[in-house]
Amino acid sequence: IDNFETLKSFDTTEVPNGTITGFKVTNKGTLYTVAPTVQVGDNWVANTAVNVGDELCVDNRRYVVTIAGTTDNTNPPTHVQSIAVNGTATLQFFGYRATATAYLGTGLSSQEVVKVLVDQAGSGYTKPPVVYLISNDAGVYAAATAIIANLDNQDSFGDNNKFKYEAESVRSEEHTSELQSH
């Protein structure tokens, strides 16, 4: 057994760049009887003025406006690569939309949103998208923000800090053994 046997617990799950890894509830809201629906990103809307950098979503597809203009009168974008004109605007396919589920608490928190969990992580995010908590009941004011993985555009592996601490532990054990032998 070598000194690296303890490193076998290193998390090698690949985390693609620009995915949503979680949500932070910034306001729990009040008066919810049913958990609100989570909408990640803005929906594409027909015949609407858009600006460069705006993000628009259609179903599970995400687009970023590269040339400002007005979206098509009726037809949403359907392309899943490259750039295409939609109305007078130009939209670049940018990845897939994340999805999430909101949960209410129990007891005293039963009418508040206590967590929002990722269902699908999405892809291609370069900044956190807007997150809407949409309610059809009396619930109001809940808010959440998205947490994005690897904004440095480098794919990485799981919890690299875990590796760092385990590697430091092995190094400390080696150093202690050396001191004891002298």
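Let me start with one residue, valine 38. Setting aside neighbours up to four places along the sequence, valine 38 is in contact with Ala100, Thr101, Ala102, Val116, Val131, Tyr132 and Leu133. Keep in mind that this is a predicted model.

Valine 38 belongs to something bigger. The largest nonpolar core has 17 residues, and Val38 is among those with the most contacts inside it, along with Ile20, Phe23, Val40, Val116 and Leu133. Six strands each supply at least two residues of this core: β2 (20-27), β3 (37-40), β10 (99-104), β11 (113-120), β12 (131-134) and β13 (143-148). Which strand gives the most to it? That is β13, with three residues. There is also another core, lying apart from the one just described; it has nine residues, including Trp44, Val50, Leu56 and Phe93. As general background, nonpolar side chains in soluble globular proteins tend to be buried together.

Now look along β13. Which of its side chains are buried, and which are not? Ala144, Ala146 and Ile148 point to one face and are buried. Ala143, Thr145 and Ile147 point to the other face and are not buried. For the first-years: in a regular strand, side chains alternate between the two faces of the sheet. β13 also has a partner. It runs antiparallel to β2, and six bridges join the two. If you want a place to look, find valine 25, which stands opposite alanine 144 in β13.

Let me step back to the whole protein. Its secondary structure comes to one helix and 14 strands. The protein has 182 residues, and 31% of them count as buried. Take the contacts with a separation of 6 or more: residues 24 or more positions apart account for 64% of those. The protein exposes about 11,000 Å², and carbon and sulfur atoms supply 51% of that area.

Next, a sheet. It is open, it has four strands in the order β5-β6-β9-β8, and the pairing is antiparallel. The edge strands are β5 (55-58) and β8, each of which pairs on one side only. From one strand to the next, the twist averages 40 degrees. In general, strands of a sheet pair through backbone hydrogen bonds, either parallel or antiparallel.

At one end of that order, β8 (residues 83-86) and β9 (residues 89-96) are joined by four bridges. Valine 85 stands opposite threonine 90 in β9. The two strands form a hairpin with two residues between them, and glycine 87 in the turn has a positive phi of about 70 degrees.

Isoleucine 83 lies in β8. Is it buried, exposed or partly exposed? Its relative accessible area is 47%, so isoleucine 83 is partly exposed. Beyond neighbours within four places in sequence, isoleucine 83 is in contact with Thr66, Thr90, Leu91 and Gln92. Thr66 is 17 residues away along the chain, and the C-alpha atoms of the two are separated by 8.4 Å.

Threonine 71 sits in the loop between β7 (69-70) and β8. Why does threonine 71 count as buried? Because its relative accessibility is 3%, and buried means under 20%. Its side chain has polar atoms to account for. A polar atom of that side chain lies 2.6 Å from the backbone oxygen of valine 45. The backbone nitrogen of asparagine 47 lies 3.0 Å from a polar atom of the threonine 71 side chain. With neighbours within four places left out, the contacts of threonine 71 include Trp44, Val50 and Leu56, as well as Asn86 and Gly87. Recall that Trp44, Val50 and Leu56 are among the residues of the nine-residue core, and that glycine 87 is in the hairpin turn.

One last residue. Glycine 53 lies in the loop between β4 (49-50) and β5. Glycine 53 is partly exposed, with a relative accessible area of 32%. Not counting residues up to four places away in sequence, glycine 53 touches Val64, Val65 and Lys127. Alanine 68 is 15 residues from glycine 53 in sequence, and their C-alpha atoms are 8.6 Å apart.

That is the tour.

Notes: Residues numbered from 1 in each chain as written. Predicted model: local features only at pLDDT ≥ 70, side-chain atom pairs only at ≥ 80, totals over all residues. Heavy atoms only, no water. Pairing = 2+ DSSP bridges. Axes fitted to C-alpha atoms, helices over the stretch in contact; angles between N-to-C directions. Buried < 20%, exposed > 50% of the residue type's maximum accessible area, 1.4 Å probe, protein only. Polar contact = N/O pair within 3.5 Å; in protein donor to acceptor, adjacent residues only side chain to side chain. Contact = heavy atoms within 4.5 Å. Areas by Shrake-Rupley, 256 points an atom, 1.4 Å probe, with all protein chains shown as cover. Core = buried A, V, L, I, M, F, W, Y, C linked by side-chain atoms within 4.5 Å.
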